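Q: I am new to this structure and would like a close look at one part of it, the sheet. Please take me through how the strands are arranged and what lies among them.

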Amino acid sequence: MAEPEPLPEMSTEKAAEKTAEETADKTEAVAFLKSLLNKNLRISTTDGRLFIGTFKCTDTHSNVVLSLTYEYRQPSQQKLAEAAASSTALGKGTVTADMTSRYLGLIVVPGHHIVKMEVEEFPSQVKNRSILERKDIYVGRL
């Protein structure tokens, strides 16, 4: 059996630089997650459901805990067929069907099922925010 080739060694200076970058990235990620605490999130999952609730915490597996949560599901095929029949009878060209919703309360959304997460903000919330908090506008300008 041949011996495995030794891995190229990283200089101590480069290793320290890499560690400092990772620490900075981790600190920035923690600060971002803390800024989301107690904000309303919309989470879309792999099975097409939508959860809207207040963000409480997460873990290392990307599981998300929401409180005061509502679940929204796409209408069933039967409901879509009924909506299509009623819109045809009324002579409408478009079919409209409401999503099914229910209140769930405190839930854990498994991280591997999360497709998309959005912060739910209204114009009044954004308007009241200090302009200096808008890091997307003022990064590196202050």
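What follows is a connected account of the sheet and its surroundings.

A: This is a predicted model, in which local features need pLDDT of at least 70 and side-chain atom pairs count only at pLDDT 80 or more, while totals for chains, interfaces and linings use all residues. Residues are numbered from 1 along each chain as its sequence is written, and side-chain values use heavy atoms, with hydrogens and water left out.

The chain as a whole gives the setting. Its secondary structure comes to 4 helices and 5 strands, where helices (H or I, at least four residues) and strands (E, at least two) are DSSP runs numbered from the N terminus. Read from the N terminus on, these elements run α-β-β-β-α-β-β-α-α. Of the 142 residues, 18% count as buried; buried means under 20% relative accessible area, exposed over 50%, and partly exposed in between, with a 1.4 Å probe and protein chains only.

The sheet itself is open and has 5 strands in the order S4-S3-S2-S1-S5, with antiparallel pairing; two strands are taken to pair if DSSP finds at least two bridges between them. Strands of a sheet pair through backbone hydrogen bonds, either parallel or antiparallel. At the edges stand S4 and strand S5 (114-119), each with a single partner strand, so one side of each is left without a neighbour in the sheet. From one strand to the next, the twist averages 30 degrees, an angle that runs from 0 to 180 degrees between the N-to-C directions of axes, which are lines fitted to C-alpha atoms (for helices over the stretch in contact).

Two pairings of S1 can be followed residue by residue. With S2, strand S1 pairs in the antiparallel sense over 5 bridges; here Asn 40 stands opposite Thr 54 in S2, and Ile 43 stands opposite Phe 51 in S2. S1 and S2 form a hairpin with 4 residues between them, and Gly 48 in the turn has a positive phi of about 90 degrees. With S5, strand S1 also pairs in the antiparallel sense over 5 bridges, and in this pairing Thr 45 stands opposite Ile 114 in S5.

Leu 50 is placed in strand S2, and its C-alpha atom is 5.0 Å from that of Tyr 72, although the two residues are 22 apart in sequence. Not counting residues up to four places away in sequence, Leu 50 touches Arg 42, Ile 43, Ser 44, Tyr 70, Glu 71 and Tyr 72, contact meaning heavy atoms within 4.5 Å.

The strands also contribute to the largest nonpolar core, which has 9 residues: Leu 36, Leu 41, Ile 43, Phe 51, Phe 55, Val 64, Leu 66, Ile 107 and Val 109. Such a core is a set of buried Ala, Val, Leu, Ile, Met, Phe, Trp, Tyr and Cys residues joined through side-chain atoms within 4.5 Å. Two or more of the core residues come from each of strand S1 (40-45), strand S2 (50-58), strand S3 (64-73) and strand S4 (100-109).

One core residue, Leu 66, is found in strand S3 and counts as buried because its relative accessibility is 0%. Leaving aside neighbours within four places in sequence, Leu 66 is in contact with Leu 41, Ile 43, Phe 51, Gly 53, Thr 54, Phe 55, Gly 105, Leu 106, Ile 107 and Val 109. The C-alpha atoms of Leu 66 and Gly 53 are separated by 5.3 Å, with the residues 13 apart along the chain. For Leu 41, with neighbours within four places again left aside, the contacts include Phe 51, Phe 55 and Leu 66, as well as Met 117, Glu 118 and Val 119.

Thr 69 also has its place in strand S3, and it counts as buried because its relative accessibility is 0%. Beyond neighbours within four places in sequence, its contacts include Phe 51, Ile 52 and Gly 53, along with Arg 102, Tyr 103 and Leu 104.

Finally, the structure holds 1 aromatic pair. Tyr 70 and Tyr 103 form this pair edge-to-face, at 5.1 Å centre to centre and with 65 degrees between the planes; rings of Phe, Tyr and Trp (its six-membered ring) pair if their centres lie within 6.5 Å, and planes under 30 degrees apart count as stacked, over 60 as edge-to-face and the rest as tilted. The pair links distant parts of the chain, with Tyr 70 in strand S3 and Tyr 103 in strand S4, 33 residues apart. Tyr 70 counts as partly exposed because its relative accessibility is 38%, and Tyr 103 counts as partly exposed at 46%.
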